[in-house]
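Biologist: I am new to this structure and should like to understand the terms used for it. May I ask how each one is justified?

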Amino acid sequence: MTPAYPVQPDLAGHPYFRYRNNVLYAEDVPLDHLAHGLGTPLYVYSRAALKAAWEIYRSAVGQHPVLVCYGMKANSNLAVLKEFVRLGAGFDIVSGGELKRALAAGADPSKIVFSGVGKQAWEMRDALSAQVKCFNVESVAELHRLSEVAENMGLRAPVSLRVNPDVDAQTHPYISTGLKENKFGIAIDAALDAYRTAQSLPGLDIVGVDCHIGSQLTDISPYFDALEKLLDLIDTLDREGIRIAHLDLGGGLGIRYADETPPSPKALLDRVFERLNARGHGHLHLVLEPGRSLVGNAGVLLTTVQYLKHAEARNFAIVDAAMNDLLRPALYDAFHGVRALRPRAGAPTDYDIVGPVCESADWLARQRPLTIQQGDVLAVESAGAYAMAMASNYNARVRPAEVMVDGDRYYVVRQRETLDDLLKGESTLP
Ligand code: LLP
């Protein structure tokens, strides 16, 4: 099916990870060189891919007043953050820890928006001290706490309310956030009252309206279902004398994992600008919070085949990466492409690519036709977003190292954890 909007080829493809002479490269670095030199499992990112994804947003924004805040939960490695700082990005944070990381990377606090349903007082204090641009508040109870915290510091907190517009983002239920049933945001019907409350509280300054309807959206229409409702709300607020300076549409643009045709940022923004103008809101500043679409296809996970196991019903390739390194397949049934770094000739066998963790959910890919042998290294694709960021130490496994490739150079941007790291901070009873 052909989508009714332009699809962005760079966001949809993997142009920075390509074969040359039958060897998979990241930019100008052969990946087997990294696998052999640094070991696997190994996350490898492409700096050029990050820049290209950013450029797609930048050119879609053009001269319009839009602040693009990288949704850093997707990948919060300092080197990745620093790259976005250099490119002029803002950041969407969801915790005091993310604030710390963003500031450590040199982020401009006036370009940071603070999202999340469960902000604690200390996180609010840290963000107020840093002077972030805005708190995206998700409940009336949070409004009260934030006002109190700000007042105690002799400050006023800039706030947007995250409104839940009750639209179906038509994505996986675990990453759909804009429905009534979801824990996120303030129901659109309750938003006016919540804004009145915000206006009455001494420690708050209302600056915006915010929403985020879900992630890995491959259709553009849910954004516009949400947008019309938000503009209705902004009109209502205006009549009440509550002026809104910016509208935050969240993140959520999908990427191509398999054969998806995600809409481009330009397709989204052009229509947003058109709707804003049509409804007399051309002056509104916009904030976007893209995560996945900035980093998802800028990374791969390298993993080595430990054993091939030919069982009666299935063939398994048991690799050294597992669900603790890349949780998405286990958690969301997510598809990630898998390629051999050095493809072999010969008839392929369908393999389930599985890890060593003691869970049946520990799989990375299913039924993939591959011609492989023990010791071969595989690249799991589209592993730049929600991959290392969601890694754990389950089964007392160390988390992988991370490498950033830049042309023909590479930099280890996070060391592989050691077994000693795993024992850090623990003690036994006397
Ligand atoms: N803003 C807010 C408030 C969010 O909750 C999120 C993601 C984003 C922005 C960025 O959304 P993106 O542009 O990346 O879609 N772990 C899941 C995805 C969880 C997304 C959570 N929120 C996965 O691996 O698919």
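Modeller: Pro41 is placed in the loop between helix H2 (31-38) and strand E4 (42-46). The model is a predicted one.

Biologist: What makes the peptide bond from Thr40 to Pro41 cis or trans?

Modeller: Its omega is near -5°, and the bond is cis. Most peptide bonds are trans.

Biologist: Why is the phi of Asn22 worth a remark?

Modeller: Asn22 is not a glycine, yet its phi is positive, at about 65°. Most residues other than glycine have a negative phi. Asn22 belongs to the loop between strand E1 (17-20) and strand E2 (23-26).

Biologist: How do you know which residues surround the ligand?

Modeller: A residue counts if one of its heavy atoms lies within 4 Å. There are 18 such residues, and the closest are Ser215, Glu289, Arg328, Tyr332 and Tyr386. By class, five of the shell residues are nonpolar, seven are polar and six are charged.

Biologist: What makes the pair formed by Ser215 and the ligand a polar contact?

Modeller: The cut-off for a pair of N or O atoms is 3.5 Å. A polar side-chain atom of Ser215 is 2.3 Å from a ligand oxygen atom, so the pair qualifies as a polar contact. For Asp92, a polar side-chain atom lies 3.1 Å from a ligand nitrogen atom. In Gly291 a backbone N or O atom is 2.8 Å from an oxygen atom of the ligand. The protein covers 92% of the 590 Å² of accessible area that the ligand has on its own.

Biologist: Where does the ligand sit?

Modeller: The ligand occupies the largest pocket.

Biologist: Why is the ligand said to lie between domain 1 and domain 2?

Modeller: Domain 1 (9-46 + 296-423) and domain 2 (115-290) both contribute residues to the shell around the ligand, and therefore the ligand lies between them. The centres of domain 1 and domain 2, taken over C-alpha atoms, are 35 Å apart.

Notes
Residues numbered from 1 in each chain as written. Predicted model: local features only at pLDDT ≥ 70, side-chain atom pairs only at ≥ 80, totals over all residues. Heavy atoms only, no water. Polar contact = N/O pair within 3.5 Å; in protein donor to acceptor, adjacent residues only side chain to side chain. Areas by Shrake-Rupley, 256 points an atom, 1.4 Å probe, with all protein chains shown as cover. 1 Å grid on protein atoms, 1.4 Å probe; cavity = no way out; pocket = protein on both sides within 12 Å on 5 of 7 lines; lining within 4 Å. Sits in = over half its atoms within 2 Å of the grid points. Nonpolar A, V, L, I, M, F, W, Y, C, P; charged D, E, K, R; others polar. Domains from an automatic or database assignment. Helix = DSSP H or I, 4+ residues; strand = E, 2+ residues; numbered from the N terminus.
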